[in-house]
Amino acid sequence: MPAIAARSMGAASISRVPAHSTQGNRTADILEVVKQAPQAMQELIRGLQALRGIARISAVSIAAELGNISSRFETARKLMGYSGAFPSEDSSGNRIRKGGITKAGNAHLRRIVMESAWCYRHLPRVGEKLRKRHQRIPAEIIEISWKTQNSLYKRYRKLTMAGKDQRKVITAVGRELLGFIWAIAIRAEQLSTQPIAA
């Protein structure tokens, strides 16, 4: 089976978790489906967990919503547009007006990312839970994760100090977080396709 078909099949199988399960059973069902997913999808889920605010269930949800990122989104901006986290624009001639986010994209993805963005209000650090998740993740992805924490915390502080509304600040941080999610996903997909050295 071609790698692309296997990846998209993995995203479809992840989204087929029974909705009638209780919370505990649903988590177990999700973990079981992840074990059966293709290697590339498992690497993506593991890589996303390197980010602060994105644990296992959020990572699985993001992976299910996005599927094969490298074939669907050439740039991080296209992923941001897909989520609907881009500002709307009303332009005519030389006049350009920016409005609120378009909300025309994937609402579930946008909600998960915006919830995760709240974690970047705090000083960059690696806590105990995040340190445990980092144990199974390649160094390149951990480096992107650390860069994410520093960059998004600075962005949050800068916008807050400028007096921006809290919701707008979190939306801006979430939009930038999508760019880092794209970078981690691309790197995780590259790592999953590299042959293992003997």
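**Note on the helical architecture and selected residues**

1. S61 is placed in helix α4, which covers residues 56-66. The model discussed here is a predicted one. With a relative accessible area of 18%, S61 counts as buried, because the cut-off for that class is under 20%. Leaving out residues up to four places away in sequence, S61 touches H108 and I112.

2. Which other residues of α4 are buried along with S61? The buried set of α4 consists of A59, V60, S61, I62, A63 and L66, and the helix is followed by G67, a residue whose phi is positive, near 65°.

3. R56, which also lies in helix α4, is described differently from S61 in terms of exposure, and a reader may wish to look at R56 next. R56 has a relative accessible area of 40% and is therefore partly exposed. When residues up to four places away in sequence are not counted, R56 touches L31 and Q49. R56 and R133 stand 77 residues apart along the chain, and yet their C-alpha atoms are separated by 9.3 Å.

4. For the chain as a whole, the inventory is ten helices and two strands. Followed along the sequence, these elements give the pattern α-α-α-α-α-α-β-β-α-α-α-α, which places the two strands after six helices and before four. The protein chain has 198 residues, of which 43% count as buried. Among contacts with a separation of 6 or more, those between residues 24 or more positions apart make up 64%.

5. Helix α9 deserves a point of its own. This helix, residues 139-161, contains 23 residues, and the distance from its first C-alpha to its last is 33 Å, close to the 33 Å expected at 1.5 Å a residue. Just after α9 comes G163, which takes a positive phi of about 85°.

6. What covers the buried residues of α9? The buried positions in this helix are I141, I144, S145, T148, Q149, L152, Y153, Y156 and L159, and the elements that cover them include α3 (39-48), α8 (128-134) and α10 (166-193).

7. Q149 is a useful residue through which to inspect helix α9, where it lies. Its relative accessible area is 1%, and Q149 is therefore classed as buried. Setting aside neighbours within four places in sequence, Q149 is in contact with R52, Y120, P124, R125, V126 and L130. Q149 and L177 are 28 residues apart in sequence, while their C-alpha atoms are 9.4 Å apart in space.

8. Q166 lies in helix α10. Is Q166 buried or partly exposed? At 30% relative accessibility, Q166 counts as partly exposed, because the value falls between the limits of 20% and 50%. Apart from residues up to four places away in sequence, Q166 touches W118, R121 and Y156. Of these, Y156 is one of the buried residues of α9, and the C-alpha atoms of Q166 and Y156, ten residues apart in sequence, are 9.2 Å apart in space.

9. How do helices α7 and α10 lie relative to each other? The axis of α7 (residues 107-117) comes within 8 Å of the axis of α10, and the two cross at roughly 105°. The two helices are therefore roughly perpendicular to each other, since angles from 65 to 115 degrees are placed in that class. On the α7 side the contact is made by L109, V113, M114, S116 and A117, and on the α10 side by I170, T171, V173, G174, R175, L177, L178 and I181. L177 has already appeared above as the residue whose C-alpha is 9.4 Å from that of Q149.

10. The last point concerns aromatic rings. One aromatic pair is counted in this model: F73 and Y82 form a tilted pair, with 5.2 Å from centre to centre and 55° between the planes. The partners fall into separate accessibility classes, because F73 is buried at a relative accessible area of 5%, whereas Y82 is partly exposed at 26%. R72 lies over the face of Y82, at 5.0 Å from the ring centre.

How values were computed. Residues numbered from 1 in each chain as written. Predicted model: local features only at pLDDT ≥ 70, side-chain atom pairs only at ≥ 80, totals over all residues. Heavy atoms only, no water. Expected span 1.5 Å × (residues − 1). Buried < 20%, exposed > 50% of the residue type's maximum accessible area, 1.4 Å probe, protein only. Contact = heavy atoms within 4.5 Å. Phe/Tyr/Trp six-rings, centres within 6.5 Å; stacked < 30°, edge-to-face > 60°. Lys NZ or Arg CZ within 6 Å of the ring centre and 35° of its normal. Axes fitted to C-alpha atoms, helices over the stretch in contact; angles between N-to-C directions. Parallel < 35°, antiparallel > 145°, perpendicular 65-115°, else oblique.
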